[in-house]
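Let's take a friendly walk through this structure, one region at a time. Keep the viewer open and follow along.

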Amino acid sequence: AEVQVPMNKLWRNGEPFVWLTGGALALSLVMVAGLVLLVLSKGLGVFWPSPIVQLRLSDGKILMGQITEREAIPQPGAVPGTPARHRVLLRVGNRDLYGADYVWVNEADIVKRETPSDAILIQRREWGNLYGTITAVTEGRRVVAKGPEAGWAAVQRRLPDALAISKTIKRIEKDDIGAVNYEQEGLRLRLRGLEMRGVTSGPEVESITQQMAALQAKYRSIETELAGLRSRLDTSVVVRTVDGKEKDLPLSQIVRAFHPNALSLAGKAGIYLSALWEFLSDDPRESNTEGGVFPAIFGTVMMVMIMSLMVTPLGVVAAFFLREYAKQGPLVSAVRIAVNNLAGVPSIVFGVFGVGFFIYFIGGGLDRLFFAEALPTPTFGTGGILWASLTLALLTVPVVIVATEEEIGRAHV
């Protein structure tokens, strides 16, 4: 009886359940941290410049690339004690030549494995990685260097200029030509708006026409500048693949080039940091399979910021009103029930509501009212960060109201 009383008191206080909840929370945090570490180890390891291997197979075929994975080959029905067999996943690249980036190779078929020091890895703007050896560097139709060593020296001298010119061309195409096109589209819409009101001539129409002619002249000037820059991009590197094929690659199509097998640890670290920064700060390319994820990061941060600006004042003010100023009664109870129910509504329902209400109803109404000349091309009646943020705010505001009310109640206690 003396032992039973403290145990009953312990269970009545709920202390075991507190420890059980704390242990479950700690286990969940450990699992989440482990998952994050697993993702980081698998994802960040992609950018490390692993060595290029050259594999000679038993059938006489030669492959070159980077080994990205090794796994055991399943042997269903094998006799116990049968030796395990393995295969490696080789990234052969050269997608425009082979049609595939990866190939599985059975280790039992590998006769010889080498790591040639002159093997080069070229990351391209299109078609992924290119593996091989440099045979020549050309300017126009003139060969300026031959062989792996002289060719690599010529590439190192000329690649920075080619990258700078390519960057300038990209900036002009995106900023200068983009600004001219934007102004031309605005003038075209103004002209169409006048036509919809029955105005087809007059001073305003003539003014718009003159502005469009000036913009077209500016566009031709920019095109002439671009043509001059493109004419300077006449240097190419000729790369021979392991099976004897040759690829003539303009330097302007190169993102990064290096010899992984000849790099020191510091050199590999520099390549790794450069690739990681490109992933975080650059735009995607090759249908989002290469390049960076900066637009996705920027869009997500902007959406969360706009959502926070919308939901925080509304949620906190609504909670204060319901808790401190509203007369408690059936109406306030019904509002609380509705808020709690909204907090449990699946997010897909809010998404469908956002499409119908914000995009089609509000956005479509704004287009018909203020941007009729642009129709059927939507201006606000299409998906965007604003509508996504408002939809996310509707999804979050019930949670903010409930949490704020609970904290106000605890403050009073």
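Which residues of the largest nonpolar core touch the most other members?

## The nonpolar cores

Before answering, please keep in mind that this is a predicted model. The residues to pick out are Ile122, Val155, Val237, Leu251 and Ile254, which touch the most other members of a core of 17 residues. At least two residues each come from β6 (120–124), β7 (129–139), α4 (148–196), β9 (235–240) and β11 (254–258). The most generous contributor is α4, which gives five residues to this core.

Valine 237 is a good place to zoom in. Leaving aside residues up to four places away in sequence, valine 237 touches Ile134, Ala136, Val137, Val155, Lys247, Asp248, Leu249, Leu251 and Ile254. Apart from the core just described lies another one, made of 13 residues, including Ile165, Ile169, Ile172 and Leu215.

## Strands β1 to β3

Next come the strands. β1 (53–57) pairs with strand β2 (residues 62–72) in the antiparallel sense, over four bridges. One of the matches to look for is valine 53, whose bridge partner in β2 is glycine 65. Four residues lie between the strands of this hairpin, and there glycine 60 takes a positive phi near 90°.

β2 also pairs with strand β3 (residues 86–91), again in the antiparallel sense, over six bridges. Here glutamate 69 stands opposite leucine 89 of β3.

## Aromatic rings

How many aromatic pairs does the structure hold? There are 10 aromatic pairs. In one of them, the ring centres of phenylalanine 47 and phenylalanine 279 are 5.3 Å apart and the planes meet at 50°, so the pair is tilted. Phenylalanine 47 sits in the loop between α2 (15–44) and β1, while phenylalanine 279 belongs to helix α6 (residues 265–281), so the pair ties together parts 232 residues apart in sequence. Phenylalanine 47 has a relative accessible area of 19% and is buried, whereas phenylalanine 279, with 30%, is partly exposed.

A stacked pair is formed by phenylalanine 357 and phenylalanine 361, with 5.7 Å from centre to centre and 20° between the planes. Both residues lie in helix α9, four residues apart, or about one turn of the helix. In an α-helix there are 3.6 residues a turn, so residues three or four places apart point the same way. Phenylalanine 357 is partly exposed at 32% relative accessibility, and phenylalanine 361 is exposed, with a relative accessible area of 57%. These two phenylalanines also belong to one aromatic cluster with Phe353, Phe358, Phe371, Phe380 and Trp387. Elsewhere, a ring meets a charged side chain: arginine 87 lies over the face of tryptophan 104, at 4.1 Å from the ring centre.

## Helix α9 and a contact across the sequence

Where does helix α9 bend? The helix covers residues 347–370 and bends by about 30° at glycine 354. Glycine 354 is buried, as are Phe350, Phe358, Ile359, Gly363, Gly364 and Asp367 of α9.

Finally, take a look at glycine 193, found in helix α4. Is this glycine buried or exposed? At 9% relative accessibility, glycine 193 counts as buried. Alanine 372 is 179 residues away from glycine 193 in sequence, yet their C-alpha atoms are 7.8 Å apart in space.

Methods: Residues numbered from 1 in each chain as written. Predicted model: local features only at pLDDT ≥ 70, side-chain atom pairs only at ≥ 80, totals over all residues. Heavy atoms only, no water. Bend = angle between axes of the 7 residues up to and from the residue. Buried < 20%, exposed > 50% of the residue type's maximum accessible area, 1.4 Å probe, protein only. Phe/Tyr/Trp six-rings, centres within 6.5 Å; stacked < 30°, edge-to-face > 60°. Lys NZ or Arg CZ within 6 Å of the ring centre and 35° of its normal. Core = buried A, V, L, I, M, F, W, Y, C linked by side-chain atoms within 4.5 Å. Contact = heavy atoms within 4.5 Å. Pairing = 2+ DSSP bridges.
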